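Reader: I would like to go through this model with you. I will ask how each label is earned.

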Amino acid sequence: MTTAATALDIVAAVRSADRRAVDVLDDHLAAIEAGDNEIHAFNLVTAAEARRVAEAVDRRVAAGEDPGPLAGLPVALKDNLCTAGIPTTCSSRILEGWRPPYDATVVERLADAGAVVVGKTNLDEFAMGSSTENSAFGPTRNPHDTTRVPGGSSGGSAAAVAARFAPLALGSDTGGSIRQPAALCGVVGMKPTYGAVSRYGLVAFASSLDQIGPLARTVADAAALYQVIAGPDPRDATSIPQPTPDVSAALADGVAGLRVGVVTELCEAEGMQPDVVARVRQAVAALEQAGAKVDDVSVPAAVYGLSAYYLIAPAEASSNLARYDGVRYGLRVDAPTTGEMYDRTRTAGFGAEVERRIMLGTYALSAGYYDAFYGKAQRVRTLIIRDLAAAYERFDVLVSPTTPSTAFPLGAKTADPLTMYLNDVCTIPSNLSGQPAISVPFGAGDDGLPVGVQVMAPALDEVTLFRVAAALEAAAPPREEPA
Amino acid sequence: MSTTAAGTATDWEIVVGLEVHAELATRTKLFCGCPNRFGDEPNTNVCPVCLGLPGSLPVLNEQAVALAMRLGRALHCEVRRSIFARKNYFYPDMPKDYQISQYDLPINVEGWLDLPSGQRIGIERAHMEEDTGKSTHVGGGGRIHEAGYSLVDYNRAGVPLLEIVSKPDLRSAEDARTYVSELRRILLATGVSDAKMEEGSLRVDANVSVHPTDEPFGIRCEIKNLNSLRSLGRAVDYEARRQIELREAGEPVRQETRHWDESEGRTGTLRTKEEAEDYRYFPEPDLVPLDPDDEWVARIDASLPALPAERRSRLAEAAGVAATTGAVAVAVERGLDELTLGAIDAGADAARVLTHVEHNLAIDGAERLDPGKLAALVSMETGGELTATQAKDVLVEMVATGGDPAAIAKAKGYEAMGADALVAVVDEVIAAHPDEWTRFVEGDGKARGKLTGFFVGQVMRATKGQADGKSVTDLLRRRADA
């Protein structure tokens, strides 16, 4: 068994003592050692801590105790998830040297499940970006073609899974930051219903949109990871206070009788590549063949999501990122007065994209502009929620491309933020509506690079979401694995 | 009320509205489990949430909501569905560089507070928010701009506050002081806050404007740094005078925030309207809307104690005096109204009971006094068995020991001067001063008044102060009119 094994195969082997967790870990650490110089998926590999955890798993197995549902599985964590005593940088200079005194709720749940955290993955600074090029520590490269971006902002997590550095990873998704890199790296990436997974310990970008979710090479693996991290948390007031259904149970049920709507506006949006749309049509045809009832559906407000998102998210970010002021932790650039210290610290600590969004958001919330920008964006958000609700009256799930294109070359869009923002047009509506969505690899574009198909579902219907995703995966053409 | 400025015919009216911040007496902070406690070692009552560490999230304290509603209902407010909002500004003692507060949808709206005078002051809102930490500026006389460095204590960061905003219904410095005193009484009576101005758990900002009585309200200035009732009164007086002088000199009042300097006794510009911060309020996405159901509000209502205004009018009615009587206010203020009512109920003379409460019972343990025993003491006094001075001595002993007034009086040897003995002494004094007595009998009210003092003095001398002055006066009158 190599690092190509699925998470579920690995965990079965570890639980039955066929394979030691430390050996699983060693295989993955060797893969990282061999490949990550080029890929740069990780900001930090926590080999020593990982070994202690793996050894503990093996001891439990040997002692006949239940080592947990993710026993011995290496997991890569996006570096905006707090890990006690381990640097958490958000790929920003401003958090240099900061070690959180606490674990995020999802990190605690991983530990309880026997998972082995292998390191912290690279991201666009504070999760602001779609290519992982906005990292203070340099970009991550796409394992399928290292001249191309892995997408973002969870580019490090997606690349780590695609490169088989870890079978599982966690990312965060504010406007598509799990699904878009999953699509570009040819892996599965899922954004849960808002409130299904606790945000406690996720360094906030835009609080009303952020969700933590799984990345994996198979739908079943992603479902298993989701099952562990989801569920109520008293430390997050926006956490949904009800138990998580078993999302793995229905994976093999197929899609016979399910109503699938293809969102026309998202297939026709600006910049959509025909080869990507063709793959989506092929995917939908496969679902139809498997017994689903497929039809096109119009979600008129969906195309305004991008504009609304780029006001709401920066507005919240401008407030969330105010605390990085040099007073308490992280970077401080000294100056004669407190005000100048703030200026110098924040100028030195934040990259260009973060600065841009802080300025955009500050402006959108300013007296006299609030109604025209932030207020109007919230009204658009309400419209999108309404239009999606109408669509879900007729359909069980909605389908669209995950991204307008396959992975683009490094540097191709860094000069023009607006072009970069267009990457998120298909993924943003689900963030604005708080509904779950998943990207599943489905064949390749004309360039041979992976294409992702997005499935969206109503709030709290993760069971149907994973079920349709599994059917898509089963119908997909054989995947090209990265070298 | 109006203030007439010297040398002009203009009647100026002073208009004051107050913003009072009260720290809620919760066990823990507003959004985390850290203790809400004053005076601990700096930065010991802190956690990732109240330090605003990256990734931390606020969770609303239910007890804080209950206390906020409690004050709201005590101020006759409507409790509404509310949301929290972020107030964004940079300051080192604010860990997140935004304060979680309430903005356009506060929990309590539209209430009122009745001053002891009966004047009704509108309450616009009473909303919840988190307190900031506390900065200490070292060097440069403690001012931030001249300080060598600053230290921040975050123990107070995240402590729950209620900001109580009055309508501009106050008309003088005295009104403002009375309002804060009354609000403080309500905060204490309801257990919502310990309301200590000296510890900063009760803080006041004043909005002051002036206008000629026949014109609309003037431009207002907000005065900060009012750390005592005395400061509040002085600052409002100073600020009103400053504004009147400006207006009379033909100059406009500028809308600004001003700082009260207690040692200088003046206000100075802190920032003008143009320099005012844009707080960029927006709904707090980390918290869900707060919507207490009717049942919760009803439970709060049912648990409210009798409030000072209510207690004053109940006592005043029982005592047959006006609710504005000083002794009534004092009785309620000291929590002695139940005792007073009990003693009156047991048949004691209300005026004498109130006199004791006002003048002789500002002592620890007075609230534990038995109303029946207080009534017994007062009837000994009205029966002439004890003088006012003796009664006070006995009362102090009663509070200290819980003893019976008759036994204490006996032990002190205060029982000698019975009613019959007093009559004999008065008759002796009359006989010894026939000229004065004739003038007393034939004199008008004014002459009698002067001579009453003379005769009482003589009786007191003869009894070595054991006689009761009021009884002597009554006896003299009865003898003269017989």
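Reader: How many residues does each chain bring to the contact between chain A and chain B?

Author: This is a predicted model. Chain A gives 32 residues to the contact, and chain B gives 25. On the side of chain A, helices α10 and α11 (338–349) each supply at least two residues. The most comes from α10(A), with three residues.

Reader: What classes of residue make up the side of chain A that touches chain B?

Author: That side has 17 nonpolar, eight polar and seven charged residues. Gly counts as polar here.

Reader: What makes α10(A) roughly perpendicular to α12(A)?

Author: Take the angle first. Helix α10 (305–320) and helix α12 (352–364) of chain A pack at about 100°, with their axes 7 Å apart. Angles of 65 to 115 degrees count as roughly perpendicular. The angle of about 100° falls in that range, so α10(A) is roughly perpendicular to α12(A).

Reader: Which residues make that contact?

Author: From α10(A) come Leu311(A), Pro314(A), Ala315(A), Glu316(A), Ala317(A) and Ser318(A). From α12(A) come Arg357(A), Ile358(A), Leu360(A), Gly361(A), Thr362(A) and Ala364(A). By class, the contact has seven nonpolar, three polar and two charged residues.

Reader: What makes β1 and β8 of chain A edge strands?

Author: Each pairs on one side only. They belong to an open sheet of 11 strands in chain A, with mixed pairing. Its order is β1-β3-β2-β4-β6-β5-β10-β11-β9-β7-β8. The edges are β1 (42–45) and β8 (293–297). From one strand to the next, the twist averages 30°.

Reader: How do you know that β4 and β6 of chain A pair?

Author: Two strands pair if at least two bridges are found between them. Strand β4 (168–173) and strand β6 (211–216) of chain A have six bridges, in the antiparallel sense. Gly171(A) has Gly213(A) as its bridge partner in β6(A).

Reader: Which helices pack on the sheet?

Author: Helix α5 (155–162) of chain A is one of them, and its direction makes about 155° with that of β4(A). The strands touched by α5(A) include β1, β2 (74–78) and β3 (116–121) of chain A. Helix α9 (274–289) of chain A also packs on the sheet, at about 150° to the direction of β9(A). Among the strands touched by α9(A) are β7 (259–263) and β10 (437–444) of chain A.

Reader: Why is Ala127(A) called buried?

Author: The cut-off for buried is 20 or more other C-beta atoms within 10 Å. Ala127(A) has 30 such neighbours, so it counts as buried. Ala127(A) is in the loop between β3 and α5 of chain A. Its phi is positive, about 70°, although it is not a glycine.

Reader: Why is Glu110(B) called partly exposed?

Author: Exposed needs 12 or fewer, and buried needs 20 or more. Glu110(B) has 15 other C-beta atoms within 10 Å, so it is partly exposed. Glu110(B) is in strand β6 (108–114) of chain B. Its phi is near 55°, a positive value in a residue other than glycine.

Reader: What makes the peptide bond from Gly152(A) to Ser153(A) stand out?

Author: That bond is cis, with omega near 10°. Ser153(A) is in the loop between β3 and α5 of chain A.

Reader: How does the radius of gyration of chain B compare with that of a compact globule?

Author: Chain B has 29 Å, but a compact globule of 482 residues would have a radius near 23 Å. The C-alpha trace of chain B spans about 90 × 55 × 50 Å along its principal axes.

Note on methods. Residues numbered from 1 in each chain as written. Chains lettered and ligands numbered in written order. Predicted model: local features only at pLDDT ≥ 70, side-chain atom pairs only at ≥ 80, totals over all residues. Axes fitted to C-alpha atoms, helices over the stretch in contact; angles between N-to-C directions. Helix = DSSP H or I, 4+ residues; strand = E, 2+ residues; numbered from the N terminus. Parallel < 35°, antiparallel > 145°, perpendicular 65-115°, else oblique. Contact = placed C-beta atoms within 7 Å. Rg over C-alpha atoms; globule rule 2.2 N^0.38 Å.
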